[in-house]
Amino acid sequence: MPSTALEGLVTDSGWKIGKMINTSSGSGGNFCTRYTAISPEGRVGFLKAMDLSKVAEKSLEDMNRTITEYLFEQNILDHCKGRKLTRVVTPLDSGEISSPVSIPPLNRVFYIIFELAEGDLRSQYINSGVGSWKNVFQSLHHVAVGIKQLHQIGIAHQDIKPSNVLCFENDQSKISDLGRVTDAKGKSPFSTLSFTGDRSYAPIEVHYRIPITDFIDRRLSDVHMFGSLIFHVISGAQITPVLIEESRLLMPHIDKATYTEALPFIKSAFATIINRFREDCLNLFGEEIASDLAEIVYELCYPDHLIRGNRKYLNKVMRLSMEKYISKMAGILRKCQIKGIQ
């Protein structure tokens, strides 16, 4: 495949492509290959190459759509780069390079180069076990700031999950993978979709096909996914699948019910889950931190999307603001320091 034969090539801007890291299928099903890359100044980066050969096997329309999606991601990343978002991964370089193993137009390989991370939230803390809760909470604090930064410039990420939180040296974390975002201006090729990310991390209303009518409603998914991150790191499981299973104990055929019919049972199951989560946190961190964590997850993952978020506000924009939760995570970090929690 074209994107798997780039080692040793040099981009127009002077980046030399190094060894292949891995290949994978992205959120949109596009085949991607990852490499290390070195800038003319010696900076090491991470190159993501998009392969057109897989989509070209389907139709010219599919290939054109894939190129459109790439160009949108490139534009969004450039937009973010210009805004100096400190907690969002932005590109070091992007462009197109010709693969030596294919003929036009299949030799066209689009790429984006990012700063190289040490790992992601999944590999650093979930799969390998938590070595430092203080570092975990700092990472989560950075994610909350990143969500706020994206929302402030009219972008909803909708795919915030452990593998999309990159961890860098000095315990710095940033949100990555803006390939499936939607924007307030409706320019995203995914604007017609109510949810664009990994459905296993989606809030419960997505499983009941509740439509998205306004851009502000897309924040419902982002804030939910932040609460879900907290739950996942501490409990080791994604909150929505746990909620569905707990709800089935109360209403066995809940999958066949409407959202309105199922909601009372889902709320009851959610209360059970939150109580269990609070107990886990109490055993790990003590009363104060447990109370803070349970409050965040309760408000941001609440199954009734009409009242999800900060209960202090009726206005939806204020209710879905990340300010309170950024402050809460900063407070948890301070309490860890006072309590000597590492």
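**Notes on the predicted model**

1. In the sheet that contains them, β6 and β8 pair in the antiparallel sense over 2 bridges, and this assignment, like the others below, comes from a predicted model. Within that pairing, Asp-120 stands opposite Leu-166 of β8. The sheet as a whole is open and has 3 strands in the order β6-β8-β9, with antiparallel pairing. Its edge strands, each pairing on one side only, are β6 (119-120) and β9 (172-175).

2. On its other pairing, strand β8 (residues 165-168) is joined to β9 by 4 bridges, again in the antiparallel sense, with Phe-168 placed opposite Gln-172 of β9. β8 and β9 form a hairpin with 3 residues between them, and Asn-170 in the turn has a positive phi of about 65 degrees. As background to reading the strand, in a regular strand the side chains alternate between the two faces of the sheet. In β8 both faces are covered, since Val-165 and Cys-167 on one side are buried, as are Leu-166 and Phe-168 on the other.

3. A second antiparallel pairing deserves a look: strand β3 (residues 44-51) and strand β5 (residues 108-115) are joined by 7 bridges, and Met-50 has Phe-110 in β5 as its bridge partner. Strand β3 is mostly covered, with 7 of its 8 residues buried.

4. Turning to the interior, the largest nonpolar core has 64 residues, of which Phe-137, Phe-226, Ile-230 and Leu-293 touch the most other members. Helix α8 (residues 259-285) gives the most to this core, contributing 11 residues. Apart from this core lies another, of 23 residues, which includes Leu-77, Cys-80, Phe-168 and Val-181. For Leu-293, once neighbours within four places in sequence are set aside, the contacts are Phe-137, Ile-230, Ile-234, Phe-277, Cys-281, Phe-285 and Ile-332.

5. Asp-222, in helix α6 (residues 219-235), is a residue to inspect with some care: Asp-222 is buried yet has no salt bridge, and the nearest side chain of opposite charge, that of Arg-219, is 7.3 Å away. What, then, does the side chain of Asp-222 meet in a polar contact? The partner is the side chain of His-151, at 2.9 Å, while the backbone nitrogen of Gln-158 lies 2.7 Å from a polar atom of the Asp-222 side chain. Not counting residues up to four places away in sequence, Asp-222 touches Ile-147, His-151, Ala-156, His-157, Gln-158 and Ile-160.

6. Ser-188 lies in the loop between β10 (182-183) and α5 (204-207). Is Ser-188 buried or exposed? With a relative accessible area of 5%, Ser-188 falls under the 20% cut-off and therefore counts as buried. Leaving aside neighbours within four places in sequence, Ser-188 is in contact with Phe-72, Val-181, Thr-182 and Asp-183.

7. The structure holds 17 salt bridges, one of which is formed by Lys-148 and Glu-323, with their closest N and O atoms 2.4 Å apart. This pair links distant parts of the chain, Lys-148 being in helix α4 (residues 133-152) and Glu-323 in helix α11 (residues 323-339), 175 residues apart. Both ends count as partly exposed, Lys-148 at 23% relative accessibility and Glu-323 at 41%.

8. A further salt bridge joins Lys-267 to Asp-304, the closest N and O atoms being 3.8 Å apart. Here too the pair links distant parts of the chain, with Lys-267 in helix α8 and Asp-304 in the loop between α9 (287-300) and α10 (316-319), 37 residues apart. Lys-267 is partly exposed, with a relative accessible area of 31%, whereas Asp-304, at 11% relative accessibility, counts as buried.

9. Finally, the side chains of Asp-292 and Lys-328 meet in a salt bridge of 3.2 Å, N to O. Asp-292 lies in helix α9 and Lys-328 in helix α11, so this pair ties together parts that are 36 residues apart in sequence. Asp-292 is buried, with a relative accessible area of 8%. The two residues also belong to a network of salt bridges that links Asp-292, Glu-295, Glu-299, Lys-324, Lys-328 and Lys-335.

Definitions and conventions. Residues numbered from 1 in each chain as written. Predicted model: local features only at pLDDT ≥ 70, side-chain atom pairs only at ≥ 80, totals over all residues. Heavy atoms only, no water. Buried < 20%, exposed > 50% of the residue type's maximum accessible area, 1.4 Å probe, protein only. Lys, Arg positive; Asp, Glu negative; His and termini not counted. Salt bridge = Lys/Arg side-chain N within 4 Å of Asp/Glu carboxyl O. Polar contact = N/O pair within 3.5 Å; in protein donor to acceptor, adjacent residues only side chain to side chain. Contact = heavy atoms within 4.5 Å. Core = buried A, V, L, I, M, F, W, Y, C linked by side-chain atoms within 4.5 Å. Pairing = 2+ DSSP bridges.
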